[in-house]
Amino acid sequence: SDARRAWLADQARLGFTLLKNCPTEPGTVAAVARLFGFVRTTNYGEIFDVRSAPDPINLAYTADALPAHTDNPYRNPVPGMQLLHCLEAAGSGGESFVVDGFRAAQLLEERAPRHFAMLSEWPMRFEFQSADAWLVNEAAMIGLETTGELTSVRFNSRSATAPRLPFDATPGYYAAYRAFAQIINSPELEVRFKLAPGELFMVDNTRVLHGRNAFSIESGTRHLQGCYADLDGLHSTLRLL
């Protein structure tokens with residue numbers, strides 16, 4: 001349909017879209033993913049619930065703030081698309097935000113070319129451990145094609161561990177990491193919004209970082225459902241349309 005083509009074209013171009021007036025039924029997020037591709041199942045399941053939980057295995061399952069990040073950099077390959085659908089919204093806090101990682105990388109290259117080179121040439125080690133999974137991946141925070149074109153950004157301070165670097169390169173690498181983090185966390189790069197029940201946002205997880213403000217459990221339940229999909233499905237469907 002024309003509406004589906006316009007939606008997927010915006011997603012491919014911008015790396016982010018927000019859908020409104022979705023049903024507030026559990027499982028809707030997977031149905032939306034199947035409009036362009038296939039749900040990618042991980043150790044979190046086909047669909048995962050994002051709400052505060054006792055003994056959480058992930059910071060997302062708390063009421064705390066989540067800084068800007070890409071998901072699952074400890075996987076190879078990372079999920080190309082992430083979808084998050086709001087079923088219930090907290091009364092106070094819980095605002096979401098997104099950051100264009102490609103723009104952040106471009107700003108780093110303009111302001112500090114040596115930092116950009118460090119983060120594109122040397123890999124970071126990302127790791128996740130739980131009772132049923134131990135995932136490790138080493139990859140550059142800024143991914144480049146052989147032509148120098150940006151292909152990906154991986155940024156997640158919660159799963160970044162000590163990179164395996166020559167001793168002399170370590171101070172410069174951490175200076176570059178800090179400089180990149182300061183750009184990513186600068187307010188002028190953020191697009192902020194508060195999800196209402198029935199709203200669903202989708203990010204290109206190889207390009208767009210996302211996060212949220214802390215929220216008050218006393219002000220109401222915040223319940224999102226999420227799932228992952230792959231980028232090739234989106235581009236295939238868009239070509240067919």
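The following questions and answers work through the cores, helix packing, strand pairing and salt bridges of a predicted model.

Student: Which helix gives the largest share of the largest nonpolar core?
Tutor: The largest nonpolar core has 48 residues, and those with the most contacts inside it include Leu 108, Leu 119, Ile 142 and Phe 180. Apart from it lies another core, of 16 residues, among them Trp 7, Val 29, Val 39 and Met 202. In the core of 48 residues, the largest share amounts to eight residues, and these come from helix H5 (residues 170–184).

Student: What is the relative accessible area of Phe 180, and is the residue buried or exposed?
Tutor: Phe 180 has its place in helix H5, and, leaving aside residues up to four places away in sequence, it touches Ala 104, Ala 105, Leu 108, Leu 119, Ile 142, Val 153 and Phe 155. Since buried means under 20% relative accessible area, Phe 180 counts as buried, with a value of 0%.

Student: How far apart in space are Phe 180 and Glu 109, C-alpha to C-alpha?
Tutor: Glu 109 is one of the residues of H3 that make the contact with H4, whereas Phe 180 lies in helix H5. In sequence Phe 180 and Glu 109 are 71 residues apart, and the C-alpha to C-alpha separation in space is 9.7 Å.

Student: Which residues does Ile 142 touch, not counting those up to four places away in sequence?
Tutor: Ile 142 is among the residues with the most contacts inside the largest nonpolar core. With residues up to four places away in sequence not counted, the residues that Ile 142 touches are Ala 105, Leu 108, Phe 116, Leu 119, Ser 120, Leu 150, Ser 152 and Phe 180.

Student: Why are H3 and H4 described as they are, and what is the word for their arrangement?
Tutor: The axes of helix H3 (residues 101–111) and helix H4 (residues 113–121) come within 5 Å and cross at roughly 130°. The contact is made by Ala 105, Leu 108, Glu 109, Glu 110 and Arg 111 on the H3 side, and by Pro 113, His 115, Phe 116 and Leu 119 on the H4 side. Angles of 65 to 115 degrees count as roughly perpendicular and those over 145 as roughly antiparallel, and H3 and H4 are therefore oblique to each other.

Student: How is H4 set relative to H5?
Tutor: The axes of H4 and H5 come within 9 Å, with a crossing angle of roughly 105°. From H4 the contact involves His 115, Met 118 and Leu 119, and from H5 it involves residues including Gly 172, Tyr 173, Ala 176 and Phe 180. Given the crossing angle of roughly 105°, the arrangement of H4 with respect to H5 is roughly perpendicular.

Student: How many residues of strand S12 are buried?
Tutor: Leu 200, Met 202 and Asp 204 point one way from S12, while Phe 201 and Val 203 point the other way, and all are buried. Strand S12 (residues 200–204) is thus largely enclosed by the rest of the structure, the buried count being five of the five residues.

Student: In S12, which residue is the bridge partner of Gln 82?
Tutor: Strand S1 (residues 16–19) runs antiparallel to S12 and is joined to it by four bridges, and in that pairing Leu 19 has Leu 200 as its partner. Strand S5 (residues 81–88) also runs antiparallel to S12, with five bridges, and the partner of Gln 82 in S12 is Val 203.

Student: How many residues apart in sequence are the parts tied together by Asp 230 and Arg 40?
Tutor: The side chains of Asp 230 and Arg 40 meet in a salt bridge (3.5 Å, N to O). Asp 230 counts as partly exposed, at 30% relative accessibility, whereas Arg 40 counts as buried, at 18%. Because Asp 230 lies in the loop between strand S14 (223–229) and helix H6 (231–240) and Arg 40 lies in strand S2 (residues 39–40), the pair ties together parts whose separation in sequence is 190 residues.

Student: What is the distance between the closest N and O atoms of Glu 138 and Arg 164?
Tutor: Glu 138 lies in strand S8 (residues 134–140) and Arg 164 in the loop between strand S10 (150–153) and H5, so the pair ties together parts 26 residues apart in sequence. Glu 138 is partly exposed, at 29% relative accessibility, and Arg 164 is exposed, at 60%. The two residues form a salt bridge in which the closest N and O atoms are separated by 2.7 Å.

Methods. Residues are numbered from 1 along each chain as its sequence is written. This is a predicted model: local features need pLDDT of at least 70, side-chain atom pairs count only at pLDDT 80 or more; totals for chains, interfaces and linings use all residues. Side-chain values use heavy atoms; hydrogens and water are left out. A nonpolar core is a set of buried Ala, Val, Leu, Ile, Met, Phe, Trp, Tyr and Cys residues joined through side-chain atoms within 4.5 Å. Buried means under 20% relative accessible area, exposed over 50%, partly exposed in between (1.4 Å probe, protein chains only). Helices (H or I, at least four residues) and strands (E, at least two) are DSSP runs, numbered from the N terminus. Contact means heavy atoms within 4.5 Å. A salt bridge is a side-chain nitrogen of Lys or Arg within 4 Å of a carboxyl oxygen of Asp or Glu. Two strands pair if DSSP finds at least two bridges between them. Axes are lines fitted to C-alpha atoms, for helices over the stretch in contact, and angles run from 0 to 180 degrees between N-to-C directions. Angles under 35 degrees count as roughly parallel, over 145 as roughly antiparallel, 65 to 115 as roughly perpendicular and the rest as oblique.
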